[in-house]
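Work through the exercises below with the sequence and the coordinates at hand, and try each task before reading its solution.

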Amino acid sequence: MSTKDFVEKDYYKVLGVPKDAAEADIKKAYRKLAREYHPDANKGDASAEERFKEISEAYDVLADPKRRKEYDEARALFGNGGFRPGPGAGGSFNFDLGDLFGGAQGGAGAGGFGGGLGDVFGGLFNRGGGTTRTQPRRGQDIESEVTLSFTEAVDGATVPLRMSSSAACKACSGTGDKAGTPRVCPTCVGTGQVSRGSGGGFSLTDPCPDCKGRGLIPENPCDVCKGSGRATSSRTMQVRIPAGVSDGQRIRLRGKGAPGERGGPNGDLYVVVHVGAHPVFGRKGDNLTVTVPVTFPEAALGGEVKVPTLGGPPVTLRIPPGTPNGRTMRARGKGAVRKDGTRGDLLVTVEVVVPKDLDDKARDALETFRDATAGEDPRAELFRAAKGE
């Protein structure tokens with residue numbers, strides 16, 4: 001708030017009291033207005049929330065004798081012709097007092113204020129680090145877990161989530177009082193915050209310990225929420241889990257957490273995803289993996305083999321002649337869904353199957369093959385390398 005705004009605001013009018021009102025009358029007027037316009041009693045009413053801020057601001061100045069005296073003197077000085085605009089100014093108060101008195105030093109050279117007008121306005125605007133005002137409170141974040149099948153994780157799924165969170169107590173409409181008329185907290189005078197010094201002219205703001213940051217204290221605490229104004233609320237919501245989610249991934253859903261207080265935004269919902277295993281397919285980033293058995297003749301001579309895909313028709317892969325065991329080939333576009341909507345690949349690993357039982361015909365064929373390749377030693381290179389040759 002600027003100096004000009006401060007001088008031009010009529011705090012007595014805001015509270016509806018005369019300028020010579022006693023402290024008790026100011027406090028009484030404030031409590032009545034604060035109870036009427038408190039955000040907890042006017043859910044979603046922005047005008048009531050703004051009115052409550054004006055009331056709190058006015059009380060913060062007028063309830064402090066020193067600050068009230070400084071305010072009255074400043075109003076008398078600038079509001080009653082202490083400084084008048086020059087010719088052509090149109091009679092308007094349109095200059096910046098900060099510029100006018102920014103260099104004012106001590107002594108009585110600035111209108112008779114011993115510490116300078118800079119000190120006067122410093123006291124008005126910096127009460128230990130700033131005027132405390134009631135602020136909207138953001139709702140709490142909630143974390144939940146969901147378990148998906150392998151296929152649901154790849155393709156995406158909509159799942160129901162039942163959650164419990166803190167919300168305004170329905171029995172007392174969030175006031176914490178049976179009759180719905182709590183009194184303003186005398187410690188923080190309804191702001192929900194208190195200041196504490198930290199040295200060096202600064203102060204820190206903490207939630208009020210007496211009202212727990214609510215600004216109100218119930219005269220007759222609600223039996224349901226025990227005067228807190230909050231109660232546990234359970235709800236079930238349908239949550240869309242995007243395609244391609246991986247095991248252990250944490251998804252953030254903005255605004256789906258606990259409701260805010262005093263017009264504050266809702267918190268966020270964090271969903272931790274657990275993905276079950278698949279009997280055939282695996283996952284490697286955006287790619288799916290599968291191991292396909294092939295016979296020895298298919299690996300040695302080459303051929304075409306059918307490979308299953310997740311949720312789609314099989315694809316045919318050509319096995320080159322001389323394909324070794326463990327070789328991986330790629331079926332493009334048959335993997336998991338990426339963030340941009342495209343799909344990864346299916347990585348197919350060849351596993352050469354060695355037959356356990358051979359009939360006479362098969363055994364004779366293999367012995368003939370062995371004799372034909374007797375001059376080849378597949379381990380010769382291994383031994384040469386072992387000797388460093």
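**Exercise 1: a cysteine and its surroundings**

C208 touches C185, T187, C188, G192, Q193, V194 and G213, where residues up to four places away in sequence are not counted and contact means heavy atoms within 4.5 Å. The model is a predicted one, in which local features need pLDDT of at least 70 and side-chain atom pairs count only at pLDDT 80 or more, while totals for chains, interfaces and linings use all residues. Residues are numbered from 1 along each chain as its sequence is written, and side-chain values use heavy atoms, with hydrogens and water left out.

Task: Establish where C208 and C211 lie, whether each is buried or exposed, and which record lists them.

Solution. Begin with location: C208 lies in the loop between β5 (202-207) and β6 (216-217), and C211 is placed in the loop between β5 and β6 as well, strands being DSSP runs (E, at least two residues) and helices likewise (H or I, at least four), numbered from the N terminus. Next, accessibility: C208 has a relative accessible area of 1% and is buried, and C211, at 4%, is buried too, where buried means under 20% relative accessible area, exposed over 50% and partly exposed in between (1.4 Å probe, protein chains only). Then contacts: C211 touches C185, C188, G192, L216 and I217, again leaving out residues up to four places away in sequence. Finally, the record: an unreviewed UniProt entry lists C185, C188, C208 and C211 under "binding site". These residues span 27 residues in sequence, yet no two of their C-alpha atoms are more than 8.9 Å apart, so they gather at one spot. Such annotations may be inferred rather than shown by experiment.

**Exercise 2: an open sheet**

Task: Determine the strand order of the sheet that contains β9, and how β9 pairs with its partners.

Solution. First, the order is β1-β9-β8, an open sheet of three strands with mixed pairing. Its edge strands are β1 and β8, each pairing on one side only, and the twist averages 25 degrees from one strand to the next. Second, β1 (residues 142-148) and β9 pair in the parallel sense over seven bridges, and V275 in β9 is the bridge partner of L148. Third, β8 (residues 250-253) runs antiparallel to β9, joined by four bridges, with I251 bridged to V271 of β9; pairing requires that DSSP find at least two bridges between two strands. Last, five of the seven residues of β9 (residues 269-275) are buried, so this strand is largely enclosed by the rest of the structure.

Definitions and conventions: Axes are lines fitted to C-alpha atoms, for helices over the stretch in contact, and angles run from 0 to 180 degrees between N-to-C directions.
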